[in-house]
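Me: I am in my first year and still learning to read structures like the one below. Could you take a close look at one part, and then connect that part with what lies around it?

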Protein chains: 2
Amino acid sequence: MAGPIRIAVIGLGKIAHDQHLPAIAANPAFQLAATASTHGEGVGGLPRFATLDEMLASGVAVDAVALCTPPQVRYQLAAQAIAAGKHVFLEKPPGATLGEVAILDAQRQAAGVTLFASWHSRYAAGVGPARDWLAEREIRSASIVWREDVRVWHPGQAWIWEPGGLGVFDPGINALSIATYILPHPFFVERSVLSIPANRAAPIAADLSFRDVAGAAIRMDLDWRQTGPQSWDISVDTDRGTLRLEKGGTVLTLPGEAPRIAEDREYPELYARFAALIDAGTSDVDIAPMRLVADAFLCGDRRIVEAFSEP
Amino acid sequence: MAGPIRIAVIGLGKIAHDQHLPAIAANPAFQLAATASTHGEGVGGLPRFATLDEMLASGVAVDAVALCTPPQVRYQLAAQAIAAGKHVFLEKPPGATLGEVAILDAQRQAAGVTLFASWHSRYAAGVGPARDWLAEREIRSASIVWREDVRVWHPGQAWIWEPGGLGVFDPGINALSIATYILPHPFFVERSVLSIPANRAAPIAADLSFRDVAGAAIRMDLDWRQTGPQSWDISVDTDRGTLRLEKGGTVLTLPGEAPRIAEDREYPELYARFAALIDAGTSDVDIAPMRLVADAFLCGDRRIVEAFSEP
């Protein structure tokens, strides 16, 4: 493709402002061409629209769109964009349901555009080296502990608690996107206990047991009620000692080594990947993390817990 | 393969006695070689075992197994059987989770055996002709009404109400196996309302809205509290009139025609298909019906309803 990829950002919420817009601005492969937001916002003097519909109808020149809207409305936007011949970057999770994602994957094949179902945590600094190290090890067990304060990280995000929102699996799916990437064998849900606040539709905590095909047990402890120190940690016991991946994949500690700490480059790396996929004419749609979440809901044992309210 | 396929039936519950054993007995491509049942039952003078493990250890000559156990334990049995080089017939649903089925599908490829994820309702007499007729029509809308009395059809089946059991989706997945087969476009869950008895983990009723990729609305009404007349009906409005498929797919009525009624041949057809797959060295693992159920759980709006108890 000659010249930069002209990209539009759809949905100007927290994640767009915090991550997408800066990553696009810093990558010369992209040129921000337009935005769409139902709140009437925009970016600088660029064309701004209320909806993707209006943007497509306007004839503004756009090669690709980044969808940063809540997952409940992602499918219609993605299907529209693919039908209009645009490359599509999907924030995680790639849809509200697995069926939608399967349909989008078929549609992008027919349309010949790139679809990128992004999992930003896979681009945290420690994740690639962790995957390489584990590839040659025998896994004995693994533990995933993701405990954070929802009031700090998702203030006022009502959609996250509604049917189709993932509740604590919104951060939890990040952990699963790392675990499915670094562990050498596929694993499946053996037991799922979901804690649902009495006044909400989605879980505020979850206790999951997985098993990999070689027999290793993997435990996962998700909790959105954590005040004080926050945890986004994975540890893996192997025949050669214990690997620790902390702070959401950014700090890797291998047995007998000092922690490796590196700068956060998740969204810059995601956009580098998106540009490379477009350049190569290929797509990346891995549903494994989302399938594990759907399975946790499908076979989940639901316990009603204390109502959740924000101050 | 020279001679009949030597098959073992694992799990001698209601479905094995009502359907599998008679279908196997009536098909000369198969020879029943053994059974396994934790209740100590058996069939005639044939080798009987408590578990698949014991059967495999015994050295009894078996080419294939039919797994008729509850879905919660199907994965371990299927993985064991595939690892032992046996062809596997899975009752519906093919597992407790989508992740399990994806793993089994990969394992059967590696082992070079046949895996058949069976959907018996697809072999009801009216289903094939309905699919053929709809292939050339424009679909305007469709309606699925599956209302039956759980006390009549699933007496005392406690597992069906437990986490991992599908509740009213146990029959409902039959409707979805038909709908995904006869409708010409893929469809996805738009809205899911699940009614959960106060004392159970699984839904007793569900109200679902799907949409196909061409925009047609599909409604689904599942209810296990139906006394009196029972319904297992699908109707499809098209540009050429309304198709009606009643009694679980056995009675097909095309516009302006009299109802077509034919003998129930579901399980005989399933075993004919299993023999053909083994003969051709291929597999049939379609997860679309189960993916829709997982999606209905994932984005479901849960309403607590009256407790369910059996007399």
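Reply: Let us begin with a single pair of residues in this predicted model: the bridge partner of B:Leu67 is B:Leu90, which belongs to strand S5 of chain B. The pair is one detail of a longer match, since strand S4 (residues 64–67) of chain B and strand S5 (residues 87–90) of chain B run parallel and are joined by four bridges. As a general point, strands of a sheet pair through backbone hydrogen bonds, and they may do so in a parallel or an antiparallel way.

If we now step back from that pairing, we find S4 and S5 of chain B within an open sheet of six strands, whose order is S3-S2-S1-S4-S5-S6 and whose pairing is parallel. At the edges of this sheet stand strand S3 (48–49) and strand S6 (115–117) of chain B, each of which pairs on one side only. Helix H3 (residues 74–83) of chain B lies across S1 (5–10), S4, S5 and S6 of that chain, and its direction makes an angle of about 160° with S5(B).

Chain A lets us follow the strand S4 in further detail. There, S4 (residues 64–67) pairs in the parallel sense with strand S1 (residues 5–10) over four bridges, and A:Ile7 is the residue that stands opposite A:Ala64. S4(A) is also joined by four bridges to strand S5 (residues 87–90) of chain A, again running parallel, and in this pairing A:Val65 stands opposite A:Val88.

Where do the side chains of such a strand go? In a regular strand they alternate between the two faces of the sheet. In S4(A), A:Ala64 and A:Ala66 point one way while A:Val65 and A:Leu67 point the other way, and all of them are buried.

A loop residue offers a contrast in burial. A:Val43 sits in the loop between strand S2 (30–36) and strand S3 (48–49) of chain A, and it counts as partly exposed because its relative accessible area is 24%, whereas a buried residue would have under 20%. Beyond its neighbours within four places in sequence, A:Val43 touches A:Leu21, A:Leu32, A:Thr35 and A:Arg48. The C-alpha atoms of A:Val43 and A:Val9 are separated by 9.9 Å, although the two residues are 34 residues apart along the chain.

An unreviewed UniProt entry places the annotation "domain: Gfo/Idh/MocA-like oxidoreductase N-terminal" on residues 5–115 of chain A. Over this stretch the chain is 39% helix and 22% strand, with the end C-alpha atoms 14 Å apart.

Helices can be read with the same care. In chain B, helix H5 (residues 127–134) packs against helix H7 (residues 169–182) at an angle of about 35°, and their axes are 8 Å apart. From H5(B), the residues B:Val127, B:Ala130, B:Arg131 and B:Leu134 meet B:Ile178, B:Tyr181 and B:Ile182 of H7(B), and this contact consists of six nonpolar residues and one charged residue, with no polar ones. In chain A, helix H9 (residues 288–298) is mostly covered, with ten of its eleven residues buried, among them A:Met290, A:Asp295 and A:Phe297.

Finally, the two chains can be compared as wholes. Chain A can be laid on chain B with an RMSD of 0.0 Å by a turn of 180° and a shift of 0.0 Å along the axis, which is the relation of a two-fold axis. Because 100% of the interface residues of chain A are also interface residues in chain B, the copies meet through the same surface.

Conventions:
Residues are numbered from 1 along each chain as its sequence is written. Chains are lettered from A and ligands numbered from 1 in the order in which they are written. This is a predicted model: local features need pLDDT of at least 70, side-chain atom pairs count only at pLDDT 80 or more; totals for chains, interfaces and linings use all residues. Side-chain values use heavy atoms; hydrogens and water are left out. Buried means under 20% relative accessible area, exposed over 50%, partly exposed in between (1.4 Å probe, protein chains only). Helices (H or I, at least four residues) and strands (E, at least two) are DSSP runs, numbered from the N terminus. Copies are superposed by least squares on the C-alpha atoms of residues with pLDDT of at least 70 in both. Contact means heavy atoms within 4.5 Å. UniProt positions are given in the numbering used here, feature names are shortened, and annotations may be inferred rather than shown by experiment. Axes are lines fitted to C-alpha atoms, for helices over the stretch in contact, and angles run from 0 to 180 degrees between N-to-C directions. Ala, Val, Leu, Ile, Met, Phe, Trp, Tyr, Cys and Pro count as nonpolar, Asp, Glu, Lys and Arg as charged, and the others, Gly among them, as polar. Two strands pair if DSSP finds at least two bridges between them.
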